[in-house]
Amino acid sequence: MVRPLLWVLILVGVATGLRSASHRWSTENNNRRVEIAVDFAELRSLSAATGEPLDTVLQAFKSAGVHSVT
């Protein structure tokens, strides 16, 4: 009596897990956007180390594809 019940519970768990994995795969497959961000303190340090103005460093990173500063 207990053994068939355990198999049913296992099958329900597997089915639920597969359904959840399917939804997650679909959602992540449809959302492929990635945003690259750099740290503002690191930008200031780079600006000071290279002697370039911060605006120039920001423009260089923007042209390289960085769109966010944290």
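**Exercise 1. Ser47 in its helix**

Task: In this predicted model, place Ser47 in a helix, decide whether Ser47 is buried or exposed, and list its contacts beyond four places in sequence.

Solution.
Step 1. Ser47 lies in helix 2.
Step 2. The relative accessibility of Ser47 is 10%. Buried means under 20%. Ser47 therefore counts as buried.
Step 3. Set aside the neighbours within four places in sequence. Ser47 then touches Glu52, Pro53, Leu54 and Val57.

**Exercise 2. Leu54 across the way**

Task: Find the helix that holds Leu54, classify its accessibility, and name its contacts beyond four places in sequence.

Solution.
Step 1. Leu54 belongs to helix 3.
Step 2. Its relative accessibility is 24%. Partly exposed covers the range between under 20% and over 50%, so Leu54 is partly exposed.
Step 3. With neighbours within four places left out, Leu54 contacts Phe40, Leu43, Arg44 and Ser47.
Step 4. Now check a separation. Thr27 is 27 residues from Leu54 along the chain, and their C-alpha atoms are 38 Å apart.

**Exercise 3. Two helices crossing**

Task: Describe how helix 2 and helix 3 cross, give the handedness, and say which residues meet.

Solution.
Step 1. Pick the right quantities. Two packed helices are described by the angle and the distance between their axes.
Step 2. Helix 2 spans residues 40-50 and helix 3 spans residues 54-63. Their axes come within 9 Å and cross at roughly 120°.
Step 3. The crossing of helix 2 and helix 3 is right-handed.
Step 4. List the residues that meet. Helix 2 brings Phe40, Leu43, Arg44, Leu46 and Ser47. Helix 3 brings Leu54, Val57, Leu58 and Phe61.

**Exercise 4. A salt bridge in helix 1**

Task: How many salt bridges does a search of the whole structure find, and which side chains meet in a salt bridge?

Solution.
Step 1. The search of the whole structure finds 1 salt bridge.
Step 2. The side chains of Glu28 and Arg24 meet in a salt bridge, at 2.8 Å from N to O. The cut-off is 4 Å.
Step 3. Both residues lie in helix 1, 4 residues apart, about one turn of the helix.
Step 4. Glu28 has 43% relative accessibility and counts as partly exposed. Arg24 has 57% and is exposed.

**Exercise 5. A nonpolar patch**

Task: Which residues form a nonpolar patch on the surface, and is Leu9 buried or exposed?

Solution.
Step 1. Met1, Val2, Leu5, Leu6 and Leu9 form the patch. Together they have about 600 Å² of accessible area.
Step 2. Leu9 is in helix 1, residues 2-30.
Step 3. The relative accessible area of Leu9 is 53%. Exposed means over 50%, so Leu9 is exposed.

Terms used: Residues numbered from 1 in each chain as written. Predicted model: local features only at pLDDT ≥ 70, side-chain atom pairs only at ≥ 80, totals over all residues. Heavy atoms only, no water. Patch = residues over 30% accessible without salt bridge, like charges linked within 9 Å, V, L, I, M, F, W, Y side chains within 5 Å. Areas by Shrake-Rupley, 256 points an atom, 1.4 Å probe, with all protein chains shown as cover. Buried < 20%, exposed > 50% of the residue type's maximum accessible area, 1.4 Å probe, protein only. Axes fitted to C-alpha atoms, helices over the stretch in contact; angles between N-to-C directions. Left-handed = near helix turned anticlockwise from the far one by under 90°. Contact = heavy atoms within 4.5 Å.
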